[in-house]
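Here are a few exercises to work through with the model open in your viewer. Try each task before you read its solution.

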Amino acid sequence: MDGNVPEEATQSTNVEISEEDILVAAPNVGVELNSEPCKGMEFKSVEKVREFYNSFAKRMGFGVRVRSTKPKRVVFVCCNEGHHIVKSSTNKEIQDGTNQTKRKCSTSQTGCLATLVVKRGTLEGNWIICSFKNDHNHPMVSPESVSYMRCHKSMNGAAKSLVEHFKEEGIPTGKVATMFSEGDLAFSNRDCWNHVRSLRRKNLDVGDAQAVFNYCKQKQVENSNFFYEIQCDEDSRMINFFWVDARSRLAYQQFGDVISFDTTYKTNKYSMPFAPFVGLNNHYQSILFGCALLQDESERSFIWLFETFLKAMDGKKPKSVITDQDLAMKGALANVFPETRHRLCLWHIRKKFAEKLAHVYHKNSTFKRELKKCIHVSPSIESFEEDWSRLMIEYGLDNNEWLQGLYKIRESWIPVYNRSCFFAGMNTSQRSESINAFFDSFVNASTTLQEFVLKFEKAVDSRLEVEKREDYESRHKKRILATGSKLEEHAASIYSRNIFGKFQDEIRKIYKFKKKKISKDGHNYVYQVSSNYNARDMFFVDINLDAQIAKCGCQLYEFLGILCRHILVIFQEKGITQIPDHFILQRWTKNANRSIEVYDTTNNFDGQNSTPKILRRMHAQQEAKVLLDLAEESDEIYKFIISDLRRTRMSAIAMKKSNLGISDGVSPLESSQNVNQNCLSEEESEPELTIRNPRNAQTKGRKKDGQKNTQNCRFKSGIELSHAQQVAVKRKACHECGESGHNSRTCKKRNQND
C-alpha cells in the first residue's frame with residue numbers, strides 16, 4: 001500500500017466535508033482536508049466521521065462499516081473485517097429427515113484489522129479520533145468497481161424522487177438505475193427496490209389498515225365530502241372497507257341511473273375482492289362511483305356494502321344494475337335495492353358455453369352461430385322462445401340441466417327481456433372489467449391497502465383527464481353530418497360527440513326502410529316500419545303526430561336513451577326538424593356534467609331549487625369551512641359569527657317547520673342547541689381507534705396457485721385450462737410416430753426401422 005490518501009472530501013460524490021466540520025484538537029496536529037485520518041482529528045458528529053472515513057475508503061479501494069456503537073465510543077472497521085462462520089446443519093437434517101437446499105453464497109471477510117476509533121470530545125457533541133489503523137490484508141478494489149460495494153452506493157435526492165414517481169405511475173422502478181448508471185452515482189435495480197420497500201415500511205409503521213384509516217381521516221379534513229366507512233370484527237381487524245371522493249358522489253347524482261358491479265378482481269396483498277361501482281358519463285365513458293375491498297363475497301358483506309353505498313349517495317338508488325351470476329350478490333341487491341332492475345352480465349354467461357357444451361359449441365360450429373343469433377337478434381320475446389326451443393330439440397339439448405337452469409332465469413340475462421328498462425345500452429359488466437384492466441398496470445399481488453387506495457385516486461384523476469378532453473371535443477369541434485337532415489343537425493348541437501355517433505348510426509339507416517300505415521285513431525297512428533334488406537328488422541311504431549310522442553317495438557329509446565331508426569323514418573317523412581324535448585335525455589347532452597365542473601373549479605353554486613340535495617350540502621359545508629377559519633382569527637369575529645349563525649339556524653328551522661306544517665311548542669333555538677350538545681359530547685367521548693390489518697380473504701372460485709396465468713393473479717377458466725393441456729400434449733408428441741411420452745430420438749418405431 002503506497003499510503004496515498006483521497007483528495008479533500010468536498011470532491012467526493014458521497015459527502016461534502018468543509019473545514020468547519022473538522023476541528024483541530026491540539027496545536028501540534030496539523031489537519032488538511034486531503035490528509036488521511038489521524039489521531040486527534042475532531043468532528044462535529046459521528047455521521048461526519050463516517051462520511052469522512054467512507055470518502056477516504058472509496059479513494060483507497062475498500063469498504064467501511066460500523067462494528068460497535070456505544071454512548072462514548074464508536075468503532076469503524078473495514079468491510080473485510082472478521083471471518084465467515086459456517087453453520088453446520090448436518091445433524092439437524094439427519095434428525096429431521098430433511099435435506100434442505102442451501103443457497104450458494106460468497107464472503108468478502110478476510111480478517112482485516114484496519115480500524116478507526118472515535119470517542120467523545122471535551123466539547124459537547126464533538127468526536128475525536130483516538131485510534132487509526134490502516135493495515136489491510138487484502139487487495140484494494142479498482143476505482144471502476146468500488147461503486148459496487150454497499151457502503152459506496154449512493155442514490156441522490158433526484159434518483160430517489162424519480163423512483164418514487166415511477167412507482168406511483170406503475171413504471172418499473174429498476175429503469176431508474178440505467179438512467180444514473182454513469183459516474184459515481186451508480187446503483188443497481190436492487191437499490192431501487194430497496195428504497196421502495198423502505199418507504200413502504202415507513203408508511204406502514206402503524207399498520208396497513210391503520211395507515212388507510214389515517215389517510216381517509218386526512219382526506220376528510222381536506223374535503224369534508226370525502227366519504228369512507230370501515231367495518232371491523234371483534235378483534236378490531238378490518239373486514240370491509242368502502243370509500244368514495246366528493247366528485248364521484250356528485251357525479252353519481254347526475255349519472256347514477258345505471259351501474260355495473262363486479263368483484264372478480266382480487267390483486268392485492270390480502271386477496272380481498274375489489275368491488276368498484278362503475279357507471280357511464282355523458283360521453284359514454286366509464287366513470288367511478290366508489291370502491292370497496294371486501295373480506296369475503298357473502299350476502300352479509302354485500303348487504304353492508306350496498307347499504308353503505310346508499311348512505312354515501314344520499315339515499316339515491318340506481319334504476320338498473322348489471323352484475324355477474326352470484327347468488328349472494330343477487331340476494332343482497334334484492335334486500336337493499338328492491339325496486340332496482342337487476343340483470344346478469346351476458347359475457348360471463350356466454351363464456352361458459354364453450355366449457356359446458358364443448359361437443360356442439362366450438363369455433364365455426366353451426367350451433368354457435370344460431371345460438372348467438374337467437375340471443376342477440378331476436379326481435380321479440382316470442383321469437384326468442386321459439387328459436388330457443390327449436391335449437392334445443394334440433395341439437396338434442398332439451399334435457400341438458402345447465403341449459404334448463406339458464407332458461408328459467410332467461411329474464412335476467414337475455415337482451416330482449418331487458419330492453420324495456422334503461423341500461424344505457426349495456427348488456428355486460430365490461431365497464432367494471434375495463435377498470436380492473438386499468439389497475440393491472442399499477443398493482444400486483446403484494447400491493448398494500450394504502451397503495452391500493454392511492455392507485456384508486458390516480459384512476460379517478462386519469463378518468464377525469466380523459467373526460468375533460470372529451471368535453472373539449474364535444475363543445476368546441478363541429479360534427480360532420482352524414483345525411484344533412486335537420487334532425488341530424490339538431491342532434492349534433494345537443495348531444496356529446498360519442499352519443500351523437502350512436503344517433504348518427506341510426507339516422508344513416510332510415511333510407512333503407514319503408515313505412516306502412518296500419519291504423520289511425522284520431523291523432524294516433526300505428527305504422528309498420530321494415531327494412532328493405534332484413535326481414536327480421538320490422539317493428540310497429542305507435543305515434544301521435546300532434547304531441548310528437550312515439551313508441552317503437554324495438555325499445556331502443558327505453559334501453560339506450562336515443563331515438564331508433566324506425567321512429568326517425570316517420571319523423572323525417574312528416575317534416576319534423578327537431579328532436580322533441582321529451583326524447584332528449586339530459587344525461588347524454590354536452591353540458592350534462594356542468595354542475596360537476598363548477599364544483600371542480602369554483603365551488604360556487606347558485607342554490608336554486610333544481611340543485612341536487614347533495615350539491616346543496618357540499619356547498620353549505622364549503623361555506624361553513626370558511627367561517628371556521630375566520631372564527632380562529634379573533635374573539636370579536638368568533639362572537640359575531642356565532643350570533644349570526646344562531647339567528648340563521650333559528651330562521652332555517654322555523655322555515656323547515658313552516659314548510660312541513662309542524663308546531664311542537666319547542667323553541668327552534670333550544671332544540672338545535674340540545675342536538676348540538678349531544679353531538680359534542682359524543683365527539684368528546686369518542687376513543688382513539690386502532691384498526692388491525694385484515695386477514696387474507698378466502699373468496700369464491702379461486703384456483704390453485706399452480707394454475708396462475710399472469711403475475712397479476714388472473715386465474716385460468718376451465719376452458720383455458722383444457723386448451724392449455726391439449727397444447728402441452730401436442731408439444732410433447734413424437735415427430736416420428738405422433739404418440740406422446742417420448743421424443744423422436746427415443747422413438748421405438750424409428751429405432752426398429754433403422
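**Exercise 1. A pair within one helix**

Task: Find the salt-bridge partner of D471 and work out how the two residues sit in their helix.

Solution: This is a predicted model, so keep that in mind throughout. Start at D471: its partner is R475, with the closest N and O atoms 3.9 Å apart. That makes the cut, since a salt bridge needs the nitrogen within 4 Å of the carboxyl oxygen. Next, place them: both residues lie in helix α16, four residues apart, or about one turn of the helix. The spacing makes sense, because an α-helix has 3.6 residues a turn and residues three or four places apart point the same way. Finally, check the cover: D471 has 5% relative accessibility, so it counts as buried.

**Exercise 2. A pair between helices**

Task: Decide which helices the salt bridge between E457 and K219 ties together, and whether each residue is buried or partly exposed.

Solution: First, the contact: the two side chains meet at 3.2 Å, N to O. Then the locations: E457 belongs to α16 (residues 449–476) and K219 to α6 (residues 208–222), so the bridge ties together parts 238 residues apart in sequence. Now apply the burial cut-off, which is under 20% relative accessible area. K219, at 19%, counts as buried, while E457, at 28%, is partly exposed.

**Exercise 3. One side of a helix**

Task: List the buried residues of helix α18 and say how they are arranged around its axis.

Solution: Going along α18 (residues 497–507), you should pick out I499, F500, F503, Q504, E506 and I507. They span an arc of only 155 degrees around the axis, which puts them on the same side of α18. Then look at what covers them: the list includes α17 (486–494), α19 (556–560) and α20 (565–573).

**Exercise 4. The largest core**

Task: Which residues touch the most other members of the largest nonpolar core, and which element supplies the largest share of that core?

Solution: The core has 46 residues, and Y495 and I579 touch the most other members. Elements that each supply at least two residues include α17, α18, β15 (524–531) and α20. The largest share, five residues, comes from α20. To see Y495 in place, look for its contacts beyond four places in sequence, among them F500, F503, I579 and W588.

**Exercise 5. A nonpolar patch**

Task: Identify the helix that gives the most to the surface patch made by V626, L627, L630, I637 and L645.

Solution: The patch covers about 370 Å². Both α22 (613–631) and α23 (635–660) supply at least two of its residues, but α22 gives the most, with three. V626 is found in α22 and is partly exposed, at 45% relative accessible area.

Terms used
Residues are numbered from 1 along each chain as its sequence is written. This is a predicted model: local features need pLDDT of at least 70, side-chain atom pairs count only at pLDDT 80 or more; totals for chains, interfaces and linings use all residues. Side-chain values use heavy atoms; hydrogens and water are left out. Patches are made of residues with over 30% relative accessible area and no salt bridge: like charges are joined within 9 Å, nonpolar side chains (Val, Leu, Ile, Met, Phe, Trp, Tyr) within 5 Å. Accessible areas come from the Shrake-Rupley method with a 1.4 Å probe; for residues, only the protein chains shown count as cover. Buried means under 20% relative accessible area, exposed over 50%, partly exposed in between (1.4 Å probe, protein chains only). The arc is that of the directions from the helix axis to the C-beta atoms. Contact means heavy atoms within 4.5 Å. A nonpolar core is a set of buried Ala, Val, Leu, Ile, Met, Phe, Trp, Tyr and Cys residues joined through side-chain atoms within 4.5 Å.
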